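Student: Could you walk me through reading salt bridges in a structure?

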Amino acid sequence: MVQELGYLKETPSQTAGPYVHIGLTPNHSEIGGVYETDLGSVMVNDKTLGERITVSGRIFDGAGGLVKDAVLEIWQADSAGLYNSPSELRGSADPNFTGWGRCPTNSTDGTFRFETIKPGRVPFKDGRKMAPHITIWIVARGINIGLHTRLYFPEETAANAEDPLLQRIEHRDRVATLIASKEGSIYTFDVHLQGDKETVFFDI
Amino acid sequence: MSDRSNSKPETGAFFARDRAWHPPAFAPGYKTSVLRSPQRALLSLDGTVSEITGPVFGHSILSELDNDLIHNFAKPGESAIGERIIVHGRVLDERGRPVPGVLLEFWQANAGGRYRHKKETYLAAIDPNFGGCGRAITDDEGRYAFRTIRPGAYPWPNGVNDWRPAHIHFSVFGHGFAQRLITQMYFEGDPMIWKCPIVGTIPDKQAIEQLIAPLDWGNTIPMDARAYKFDIVLRGRRSTLFENRLEGN
């Protein structure tokens, strides 16, 4: 016999279910008075550095129906490309920017919306710069394990073209599923869980 | 955000997730997954700085009753109705190391199986003193604990006669966004666990058993509350022996 590696197994995922809002956004779901505010509902303040943007969109299922009971979380670098995390060793991120946001899709029209800033570029593992991006994590009823994807910016044509992750997408027509559309300071990013327009999701 | 000064942050990439251990996206016994599961393969990505970093929340976000669901929504002097229990455990990584300073959020139905949610129509009554949400942050040894009432089973429109076992939903942060996890805790000895299509999305019986909290008689408080122990394992990260700085600087 060889030595045992002794690793534990990761706790298996389960769906967040239809009532995920009770736990993650209780004020939004009319459970007032337990927490002062819903975590992740505000990412910026008056002093936050960088270009203010709005990120909005909807999530569609495989039949084109709106997913109105999801919760999205986003995680992104500050305007200088630094993450507000103890694991960030390249410098100190903007203390006025959380980098993390959480928003449910609206139970009526299915939209989500984040008020944030445009992130700076951060390096890939080999030192090449990745294009500016926002990491997105989606949970909902019917989703057994949270889905990871990324939003990229349409005006960053040159950076997107050299982005190491986008370059790895074999079917080139799918790259477009990760690029938001822009109107003024509002970026629209629709997610398609399944089917012809299916968004690229990552195993990270 | 984190105020711990005696521990060096770990920055190695995470172990690859064993997706045969987790439930697959498409699990037709759980009907809603049929149209909400991607059909294309996931694009694999060894974590970059965007995934190995993640938000960390300080204890300052917590109020005194955040981990007491019996009282955090109750009127002064009153409490939620049901079996009083304590749920406690540790958050570890796959290497067996405690994961300190991570936020856990919990939500659940009341003793009758009724959720406080506008989309919920089950005829069991709302408990005016029970909201159903709580949160805690792990201590330096990865420990957490909360008080609550044991949730009831509840019926749901999947099969003609499907009922969820008693369960508590858990949302767990780690130190990196790639560790983000949502799961459900079940209770030892509940015969409904093995009938549930959502539990059944997990292919491996041992993986299911990892979600079942044993009754913890040792920590049961006489004349007050029984205890259940629920340990959570997050993804481990590679040792930093040869990875003690981020590449690309």
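Here is a short dialogue on salt bridges.

Tutor: Happily! This is a predicted model, where local features need pLDDT of at least 70, side-chain atom pairs count only at pLDDT 80 or more, and totals for chains, interfaces and linings use all residues. Residues are numbered from 1 along each chain as its sequence is written, chains are lettered from A and ligands numbered from 1 in the order in which they are written, and side-chain values use heavy atoms, with hydrogens and water left out.

Student: How many salt bridges does a search of the whole structure find?

Tutor: A salt bridge is a side-chain nitrogen of Lys or Arg within 4 Å of a carboxyl oxygen of Asp or Glu. Over all chains, the search finds 26.

Student: Which residue forms a salt bridge with D69(A)?

Tutor: R141(A), with the closest N and O atoms 2.8 Å apart. D69(A) sits in the loop between strands 1 and 2 of chain A and R141(A) in the loop between strands 5 and 6, so the pair ties together parts 72 residues apart in sequence. Strands are DSSP runs of E, at least two residues, and helices are runs of H or I, at least four, numbered from the N terminus.

Student: Is D69(A) buried or exposed?

Tutor: Buried means under 20% relative accessible area, exposed over 50%, partly exposed in between (1.4 Å probe, protein chains only). D69(A) is buried at 10%, while R141(A) is partly exposed at 30%.

Student: Where does the pair of R150(A) and E51(B) cross?

Tutor: Between chains, from strand 6 of chain A to helix 1 of chain B. Both residues, R150(A) and E51(B), are buried.
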